[in-house]
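Here is a quick tour of a fold, for anyone who likes to look at the coordinates while reading. Have the viewer open and follow along.

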Amino acid sequence: MQAWRVHTHGEPREVMRLDEVAEPVAGPGELRLRVRAANINFPDALLCRGQYQVRPPLPFTPGVEICGETEDGRRVIANPLLPNGGFAEYVTVDARAVLPAPEALDDAEAAALHIGYQTGWFGLHRRARLQAGETLLVHAAAGGVGSAAVQLGKAAGATVVGVVGGADKAQAAQELGCDLVIDRHTEDLVARVKEFTSGKGADVVYDPVGGDAYAKSAKCVAFEGRILVVGFASGSIPSPALNHALVKNYSIVGLHWGLYNTQDPAAVRGCHEELTRLAAQGAIKPLVSGRVALKDAAEAVQRVADGTTTGRLVVVPEGVS
């Protein structure tokens, strides 16, 4: 079968190579799946660069999230077992972690549902305790992670402010349902948030960016607000001024969604049931901006690494609808 493999660390388009490899064989407690669609996540780029918290042995296949088909024809979503990730024709997965693909979503949409939406749901509901009527500020609102948070925030009854970089991303955020869109390239984020909230600020900030985004969030978070730290796509990890959090009376809340898979797997399944219900209602639907053939996966991962995409890019192996 064909599979993309990384033989040395570096930029995705330079280090990913489409190889012919043996088809995987499922071990005890595993399932073998035919890949119907593989969503591209920013961690796939970090894996290629050797900058992710997990560093699989070389060579490895990236691709941490798929929609696949079991040998008996069931459509499921799963996280492939590294070092043999999802940018391949077949994968093996932990049978206990396989979840049914929502009927309301096609293959590419289902492949993009799991990590981003689970992160959003646990972040907004379990960690930040978002309430209906509150104001939610989402950084990178037109991206894969941000767009999920926007939809989940609206589904929860929040007023959503989306922060983006550029006119094309502003339009995408508007179409996602943001009540206010701020283009950080041309507008003063802090001033716009304070104006929109009549000086109160944002009750919850969803930050997958870090760096300057975090610094500005601290300036416009509300009294008893919560800044939710989800990731550092900017490449810069901020050092919060804890005296500022004390004086302004806000919380800094961390989220590492992957821990729930080991610490509370039942909660992950419960979350999937809720996401499936929301998808059936049409309240959430992954924003898939592009479906690419397996042969074009390396270039697509590079685009995600460069931050030039809106929504999700999904790899769809040839011959799979």
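Which residues of α4 are buried? They are H114, I115, G116, Y117, Q118, T119, G120, W121, F122, G123 and L124. Keep in mind that this is a predicted model.

## A helix on the inside

Helix α4 covers residues 114–127, and 11 of its 14 residues are buried, so the rest of the structure largely encloses it. After α4 comes R129, a residue with a positive phi, near 55 degrees.

## The parallel sheet

Next, the sheet. Six strands form an open sheet in the order β10-β9-β8-β11-β12-β13, and the pairing is parallel. The edges belong to β10 (180–183) and β13 (251–254); each has a single partner strand, so one side of each has no neighbour in the sheet. From one strand to the next, the twist averages 20 degrees.

Let's zoom in on two of the pairings. Strand β9 (residues 159–164) runs parallel to β10 and is joined to it by four bridges, with V161 standing opposite L180 in β10. Over at β11 and β12, five bridges hold a parallel pair together, and here V205 sits opposite I227 in β12. Why does β12 count as largely enclosed by the rest of the structure? Because seven of its nine residues are buried.

## Helices against the sheet

Two helices are worth picking out here. Helix α7 (residues 189–196) packs on the sheet and touches β8 (135–139), β9, β10 and β11 (202–207). Its direction makes about 165 degrees with that of β10.

Helix α8 (residues 212–220) lies across β8, β11, β12 (221–229) and β13. Relative to β12, α8 runs at about 160 degrees.

## A158, just before β9

Where does A158 sit? Its place is in the loop between α5 (144–155) and β9. A158 has a relative accessible area of 4%, so it is buried, the cut-off being under 20%.

If you leave aside neighbours within four places in sequence, A158 is in contact with L130, G133, E134, L136, G153 and D179. For a distance to check in your viewer, try A158 and A132: they are 26 residues apart along the chain, yet their C-alpha atoms are separated by 5.0 Å.

## The second largest pocket

Now for some empty space. The second largest pocket holds about 170 Å³. It is lined by 17 residues, and the closest to its centre are M1, V21, A22, T61 and N84. The lining splits into 11 nonpolar, four polar and two charged residues.

Which strands each supply at least two residues of that lining? Those are β1 (2–6) and β6 (90–94). The largest share, three residues, comes from β6.

## T61, close to the pocket centre

T61 is among the residues closest to the centre of the second largest pocket. It is placed in the loop between α2 (42–49) and β4 (66–69). Is T61 buried or exposed? At 4% relative accessibility, T61 counts as buried.

Neighbours within four places in sequence aside, T61 is in contact with A3, W4, R5, L82, P83, N84, G85, G86 and F87. One of these contacts, N84, is also listed with T61 among the residues closest to the pocket centre.

Technical notes
Residues numbered from 1 in each chain as written. Predicted model: local features only at pLDDT ≥ 70, side-chain atom pairs only at ≥ 80, totals over all residues. Heavy atoms only, no water. Pairing = 2+ DSSP bridges. Axes fitted to C-alpha atoms, helices over the stretch in contact; angles between N-to-C directions. Contact = heavy atoms within 4.5 Å. 1 Å grid on protein atoms, 1.4 Å probe; cavity = no way out; pocket = protein on both sides within 12 Å on 5 of 7 lines; lining within 4 Å. Points joined across faces, edges and corners; volume = space filled by probe spheres on them. Nonpolar A, V, L, I, M, F, W, Y, C, P; charged D, E, K, R; others polar. Buried < 20%, exposed > 50% of the residue type's maximum accessible area, 1.4 Å probe, protein only.
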